[in-house]
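The following exercises concern cysteine pairing and charged side-chain contacts. Please work through each task before reading its solution.

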Amino acid sequence: MSATARKTAPLPEDIRAAKGGTPLVSLTAYTTPMARMMDGHCDFVLVGDSVGMVLHGLPSTLGVTMEMMIMHGQAVARGLDKSMLVIDMPFGSYEENPAQAFRNAARIMRETGAVAVKLEGGQHMAETIAFLVARGIPVMAHIGLTPQSINTLGGYKVQGRDDQAATLLADALAVSEAGAFSVVLEKIPAVLADQITADIPIPTIGIGASAGCDGQILVVDDMLGLFTTFKPKFVKRYAEFGAAGEEAIKAYAEEVRARSFPASEHTFADKAPGK
């Protein structure tokens, strides 16, 4: 390929082939402008069901619907050209049985142009993952802290400590053997994340896991300081756009009340220039 050739978006097989190489980069996105900012900098962009908390003010991801995921998926797709698009399957859209999962995954891909879906769960979702993959739907798995299961996990706790480690190792092997092309490891001990990364043939994508994972993902509004309701320990703030935005809004409000905005340069004369 020439140095000037246009870069094309990776496919799931490219993500799988990155195992053990240069770490994969990913962020979540929910809007076209944000997708445009990260296009090409990320190997894949995830439309996460975190959109429910980040943009819609929901207390968890459980209230997110198929319609919400499709709407935000379509918006993000319009902003991507060089990064692969993956979309979360929302709670209740895939757990009932593999046939339900296929119908909803196919709808997401058909209506958004996504090339893969992500779903939560380990050993108990292996049959569903295999069913989807056999029917042409690439699947990114997600184990460890699975936010759609917070009511059974007892909240947003670290997973995989002590006697839970063997279960998570079995989960990772199960989703890999079922055909997932990668797996997200969320909020698990670093030592366990490194062990899973070494033991399975597909890339691990860490979020609150380990720098030794095959890639990393963060919620973009967390790392930019736009979502300020809470800050997980595993988040590094690369900017404080939320604070800067609030200061800008405060300055605007003060200028409007003082009638210093709009100024003459922001208004129009009764005649066009030169007439």
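A disulfide is a pair of cysteine sulfur atoms within 2.5 Å. The model is predicted: local features need pLDDT of at least 70, side-chain atom pairs count only at pLDDT 80 or more, and totals for chains, interfaces and linings use all residues. Residues are numbered from 1 along each chain as its sequence is written, and side-chain values use heavy atoms, with hydrogens and water left out.

**Exercise 1. Cysteines**

Determine how many disulfides the rule yields, and explain the result for Cys213.

Solution.
- Step 1: The cysteine sulfur closest to that of Cys213 belongs to Cys42; because the two are 16 Å apart, they are too far from each other for a bond.
- Step 2: The count of disulfides is therefore 0.
- Step 3: Accessibility is classed as buried (under 20% relative accessible area), exposed (over 50%) or partly exposed (in between), using a 1.4 Å probe and protein chains only. Cys213 is buried, at 3%, and Cys42 is likewise buried, with a relative accessibility of 3%.

**Exercise 2. A salt bridge between two loops**

Identify the partner of Asp214 in a salt bridge, and locate both residues in the secondary structure.

Solution.
- Step 1: A salt bridge requires a side-chain nitrogen of Lys or Arg within 4 Å of a carboxyl oxygen of Asp or Glu. The structure holds 5 of them.
- Step 2: Asp214 pairs with Lys19, and their closest N and O atoms are 2.9 Å apart.
- Step 3: Asp214 lies in the loop between strands E7 (204-207) and E8 (215-218), whereas Lys19 lies in the loop between helix H1 (12-17) and strand E1 (24-28), so the contact ties together parts that are 195 residues apart in sequence. Helices (H or I, at least four residues) and strands (E, at least two) are DSSP runs, numbered from the N terminus.
- Step 4: Asp214 is buried, with a relative accessible area of 7%, while Lys19 is partly exposed at 24%.

**Exercise 3. A network of salt bridges**

Which residues are linked with Arg107 in a network of salt bridges?

Solution.
- Step 1: Arg107 bridges to Glu67, with the closest N and O atoms 3.4 Å apart. Arg107 belongs to helix H5 (residues 98-112) and Glu67 to helix H4 (residues 66-77), so this pair ties together parts 40 residues apart in sequence.
- Step 2: Arg107 also forms a salt bridge with Glu111, at 3.0 Å between the closest N and O atoms. Arg107 and Glu111 are 4 residues apart in helix H5, a separation of about one helical turn.
- Step 3: Glu67, Arg107 and Glu111 are thus linked in a network.
- Step 4: Arg107 is partly exposed at 24% relative accessibility, as are Glu67 at 48% and Glu111 at 33%.
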